[in-house]
Amino acid sequence: MRTGQTAPDFRLPDHEGTTRSLSELLAKGPVVLFFYPAANSPICTAEACHFRDLGRSFEMLGAQRVGISTDATDKQSHFALQRSFDFPLLADSDASVAEQFGVRRGSWFARRRRKKEIKSRSSHAAQRGIVRQLLSVKRTTFVIDRNRVVRLVVTSERAHVHADRALDYLRYLS
């Protein structure tokens, strides 16, 4: 997904089990949608906490923050409660939305998943599963306007860059 393209609409459960769609979220204003690889990993935690800590600034600009990863709803719920997030964390457990946005990592991981299923009892396979999860999604943030047009794309492995750049862009627009 690149700047100027129309973001696909989607429906996913959030960390509370409520199904959310992009179009419903956009009815309230622009959405800052950030994809992160895994809940509770160090960089993802720092990134999500930075979005949380800048919440008032995003609200003043009328923008909503929404996190999304391939973690299951229960893991997202634990992550949200543990860190007191005041924004939805969406569970894209089959990575279909990540695929639509172009942030899913390549088919190499699908081959690794099949091998893991075959050798599911070995600890080495379990370690590969953790690596696959951590690397299944490229850390990417999209600023999406009310018309579902992608206005900004941020790609960086540095945790604080995503919220800062999105906020700077939204300030520039206002």
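Select strand S3 together with strand S6, which covers residues 140-144, and you will find the two strands running antiparallel and joined by five bridges. What you have open is a predicted model, so the features named on this tour are features of a prediction. Within this pair of strands, look for Leu-33, whose bridge partner in S6 is Phe-142, and then for Phe-35, which stands opposite Thr-140 of S6.

Keep S3 selected and add strand S4, residues 64-69, on which S3 pairs in the parallel sense, again over five bridges. Here Leu-33 stands opposite Val-66 of S4, while its partner in S6 is Phe-142.

Now widen the selection to the whole sheet, which is open, has five strands in the order S5-S4-S3-S6-S7, and shows mixed pairing. At the edges stand S5 and S7, and because each of them has a single partner strand, one side of each is left without a neighbour in the sheet. If you look along the sheet from one strand to the next, the twist averages 20 degrees.

Return to S3 and colour its residues by how much of each is covered. Is S3 mostly covered or mostly exposed? The strand is mostly covered, since five of its five residues are buried, where buried means under 20% relative accessible area. In a regular strand the side chains alternate between the two faces of the sheet. In S3, Val-31, Leu-33 and Phe-35 lie on one side and Val-32 and Phe-34 on the other, and both of these faces are covered.

Next, show the helices that lie against the sheet. Helix H2 lies across S3, S4 and S6, and runs at about 165 degrees to S3. Helix H8 also packs on the sheet, where it touches S3, S6 and S7, and its direction makes about 155 degrees with that of S7.

With H2 and H8 both on display, turn to the place where these two helices meet. Two packed helices are described by the angle between their axes and the distance between the axes. For H2 and H8 the angle is about 35 degrees, and the axes are 8 Å apart. To see the contact itself, select Glu-47, His-50 and Phe-51 of H2 together with His-162, Ala-163 and Asp-164 of H8. The residues of this contact divide into two nonpolar, two polar and two charged.

Stay with one of these residues, Glu-47, which has its place in helix H2. How buried is Glu-47? Its relative accessible area is 0%, and it therefore counts as buried. If you set aside residues up to four places away in sequence, Glu-47 touches Phe-34, Phe-35, Tyr-36, Arg-139, Thr-141, Ala-159 and His-162.

Go on to helix H4, residues 73-83, and select its buried residues, which are Gln-76, Phe-79 and Ala-80. Why do these residues lie on the same side of H4? They cover an arc of only 95 degrees around the axis, and this puts them on the same side of the helix. An α-helix has 3.6 residues a turn, so residues three or four places apart point the same way. What covers the buried residues of H4 includes H2, S4 and strand S5, residues 89-91. Rotate to the other side of H4 and you will find Asp-74 and Leu-81, which are exposed. Just after the helix comes Ser-84, which takes a positive phi of about 55 degrees.

Finally, select the largest nonpolar core, which has 25 residues, and in which Val-32, Phe-58 and Phe-85 have the most contacts inside the core. Strand S3, helix H2, helix H4, strand S7 and helix H8 are the elements that give two or more residues to this core, and the largest share, six residues, comes from H8. Centre the view on Val-32 and, leaving aside its neighbours within four places in sequence, look for its contacts, which include Phe-51 and Phe-58, Val-66, Phe-142 and Val-143, and Ala-166 and Leu-170. Apart from this core lies another, of 21 residues, among them Leu-33, Ile-68, Phe-101 and Ile-144.

To end, zoom out to the full protein chain, whose secondary structure comes to eight helices and seven strands. Of its 174 residues, 47% count as buried.

Terms used
Residues are numbered from 1 along each chain as its sequence is written. This is a predicted model: local features need pLDDT of at least 70, side-chain atom pairs count only at pLDDT 80 or more; totals for chains, interfaces and linings use all residues. Side-chain values use heavy atoms; hydrogens and water are left out. A nonpolar core is a set of buried Ala, Val, Leu, Ile, Met, Phe, Trp, Tyr and Cys residues joined through side-chain atoms within 4.5 Å. Buried means under 20% relative accessible area, exposed over 50%, partly exposed in between (1.4 Å probe, protein chains only). Helices (H or I, at least four residues) and strands (E, at least two) are DSSP runs, numbered from the N terminus. Contact means heavy atoms within 4.5 Å. Two strands pair if DSSP finds at least two bridges between them. The arc is that of the directions from the helix axis to the C-beta atoms. Axes are lines fitted to C-alpha atoms, for helices over the stretch in contact, and angles run from 0 to 180 degrees between N-to-C directions. Ala, Val, Leu, Ile, Met, Phe, Trp, Tyr, Cys and Pro count as nonpolar, Asp, Glu, Lys and Arg as charged, and the others, Gly among them, as polar.
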